[in-house]
Amino acid sequence: MDEALTSYRFSFGPWNLSEGADPFGPPVREPFSFLEKVKIAKQLGFEALQFHDDDAVPDLDSLSASEISKQARSTKQILSDHGLAAEFVAPRLWFSPHTIDGAYTSNDPIDRAYAIERSIKAIDIARELGTHLIVLWLAREGTYIREAKSVPQATQYLVDAIDKMLEYDKQLRILVEPKPNEPTDQAYIPTTGHALALGYRSSDPSRVGILIETAHQILAGLDPSDEMGYALSFQKLWSVHLNDQSGLKFDEDKSFGEVDLRRAFNQVRVLEENGYGRNGEYVGLDVKAMRTQRQEVSGKHLANSKQAFLWLVGKVRALNRPLQSELIKQRDYEELNRYIIAHLLGVPY
Ligand code: XUL
Ligand code: MN
C-alpha cells in the first residue's frame with residue numbers, strides 16, 4: 001500500500017458480539033466473556049474497542065468512585081495486555097429507571113441530575129481507559145407524544161449537559177451520534193445537521209463533533225455518504241458506525257455492504273477522498289450478528305464488514321479518475337453510471 005495513503009484502523013463495541021436476543025425471543029447463543037471478546041477483536045485484526053460505560057465497569061450505578069476507577073483500570077489492563085486501545089466511552093443513558101422519560105431532557109429534575117452524574121462517571125472511566133472521546137447516542141431524548149415536552153427547553157437541557165461535560169474535563173471531546181427514532185418515536189437530535197448545530201451552541205464548539213452511523217442515516221431517509229461528506233466539510237467527522245440497513249424499519253445493524261454495495265462503496269469513497277483516519281479516527285463498526293449464527297461463527301459479521309470495507313478501499317483506489325473527470329466534464333452521468341457498475345462488478349468496461 002502506498003505510504004501516502006491512509007491505512008485504516010478498525011474498532012467495534014463488545015455489544016456487537018451478542019447472544020441473538022430480539023424483542024420477540026430470548027438469547028440463542030452463550031455469551032462470550034469480555035476477555036473472549038478482546039481475543040476475538042485481536043484475532044480479527046481490530047485495533048480498538050468502543051465502550052458503553054458499563055461495558056467497561058458493569059453495574060456502575062452501585063459502585064463508589066474508587067470502585068469504578070479500580071474496575072476501569074482492570075479493563076484497561078486487559079486491553080493493554082492484548083495491544084488494544086479504547087476508542088470511546090458512551091454513557092448508557094437508556095437502561096436506568098431514571099431515564100424512562102429521557103435523560104438530559106427528562107421532565108424530572110432528579111432524572112436530569114442522574115444523567116449528568118452518570119455522564120461524569122463515564123468521563124472518569126474514559127480517562128482510565130486512556131481516551132478523551134465520549135459518544136452521546138441520545139437514546140431517550142425525544143418524545144412519544146409531542147405535547148409531553150417543550151423542544152426549546154429540551155434543546156437547552158442538551159446544550160447545558162454538553163457544557164457541563166466540557167467543563168468537567170478540558171481535554172474531553174464529545175461526539176454526538178444522531179438517530180431519528182427508536183426507541184423514541186421522534187428523537188430530538190435526528191440528523192447530522194441537528195448534531196452539528198447543537199455542537200455550535202456549546203461553550204466550546206471545537207470539542208464537539210459527530211459519529212455517523214450508516215443505518216441511522218438510512219432511517220432518516222438520508223444518504224450516509226452525503227451525511228459523512230457534510231460532516232467532513234466541517235472537519236467534524238470524528239468516528240463512524242458502519243453497517244447496513246434494509247429500508248425503513250427497526251435499526252437492523254446489518255453487516256457493512258450487505259444490503260447495498262454501491263451505497264457502501266460511496267461511504268468508503270467519501271472517507272478515502274477526504275482523508276478520514278489521518279487524524280487517528282477509527283473505522284468503527286456497529287453490526288449485529290444474525291440470530292441464526294451459531295456461537296462459534298458469530299463473529300463473522302465483524303470480519304465480513306471489515307473485509308468489505310477493505311475490498312471497497314481497493315475499488316476506490318482503482319477508480320479510473322481521468323475517465324471519471326472526463327465523463328463529469330461531458331455531463332454524461334449515464335456513462336459514468338455504467339462505468340461505476342462495471343468497476344464494482346469487476347467486468348471489462
Ligand atoms: C444505537 C446505537 C448505539 C450507539 C452506542 O442505535 O447505534 O449502539 O452506537 O451507544
Ligand atoms: Mn451506533
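## The largest cavity

In this predicted model, the largest cavity is lined by Trp137, Leu138, Ala139, Glu177, Pro178, Lys179, Asn181, Glu182, Thr184, Ala187 and Ile189. Sort that lining by class and you get 6 nonpolar, 2 polar and 3 charged residues. The space inside comes to about 60 Å³.

How many cavities of 30 Å³ or more does a search of the whole structure find? It turns up 2.

## The second cavity

The second largest cavity has a volume of about 30 Å³. Around it sit Ala195, Leu196, Gly199, Tyr200, Val208, Gly209, Ile210 and Lys236. Here the split is 5 nonpolar, 2 polar and 1 charged.

Which elements supply at least two residues each to this lining? Helix H6 (192–200) and strand E8 do, and H6 gives the most, with 4 residues.

## Strand E8

Now for E8 itself, which spans residues 208–213. The strand is largely enclosed by the rest of the structure, because 6 of its 6 residues are buried. Val208, Ile210 and Ile212 point one way, while Gly209, Leu211 and Glu213 point the other way.

E8 has strand partners too. Strand E6 (residues 173–177) runs parallel to E8 and is joined to it by 3 bridges, with Val176 standing opposite Ile210. Strand E9 (residues 237–241) also runs parallel to E8, this time through 4 bridges. In that pairing, Glu213 has His241 as its bridge partner.

## The manganese site

Some of these residues come back at the metal. Which residues are the protein donors of the manganese ion (ligand 2)? They are Glu177 (OE), Glu213 (OE), His241 (ND1) and Asp286 (OD), at 2.0 to 2.3 Å from the ion. Glu177 is also part of the lining of the largest cavity, and Glu213 and His241 are the bridge partners from E8 and E9.

Why call the arrangement octahedral? The 6 donor atoms around the manganese ion (ligand 2) subtend angles of 77 to 169°, and the criterion for six donors is that opposite ones are over 155 degrees apart with all others between 65 and 115.

Along the sequence, the donor residues follow the spacing E-x35-E-x27-H-x44-D. The pair Glu213 and Asp286 links distant parts of the chain: Glu213 is in strand E8 and Asp286 in the loop between strand E10 (283–284) and helix H10 (300–317), 73 residues apart. Both Glu213 and Asp286 are buried.

Technical notes. Residues are numbered from 1 along each chain as its sequence is written. Chains are lettered from A and ligands numbered from 1 in the order in which they are written. This is a predicted model: local features need pLDDT of at least 70, side-chain atom pairs count only at pLDDT 80 or more; totals for chains, interfaces and linings use all residues. Side-chain values use heavy atoms; hydrogens and water are left out. Buried means under 20% relative accessible area, exposed over 50%, partly exposed in between (1.4 Å probe, protein chains only). Two strands pair if DSSP finds at least two bridges between them. On a 1 Å grid over the protein atoms alone, a cavity is a set of points where a 1.4 Å probe fits but cannot get out, and a pocket is an open set with protein on both sides within 12 Å along at least five of seven lines; lining residues have an atom within 4 Å of a point. Grid points are joined across faces, edges and corners, and a volume is the space filled by probe spheres set on the points. Ala, Val, Leu, Ile, Met, Phe, Trp, Tyr, Cys and Pro count as nonpolar, Asp, Glu, Lys and Arg as charged, and the others, Gly among them, as polar. Donors are N, O and S atoms within 2.8 Å of the metal (3.2 Å for Na, K and Ca); water is not among the atoms, so sites may look incomplete. Four donors count as tetrahedral if all angles lie between 85 and 135 degrees; four count as square planar and six as octahedral if opposite donors are over 155 degrees apart and all others between 65 and 115; anything else is irregular.
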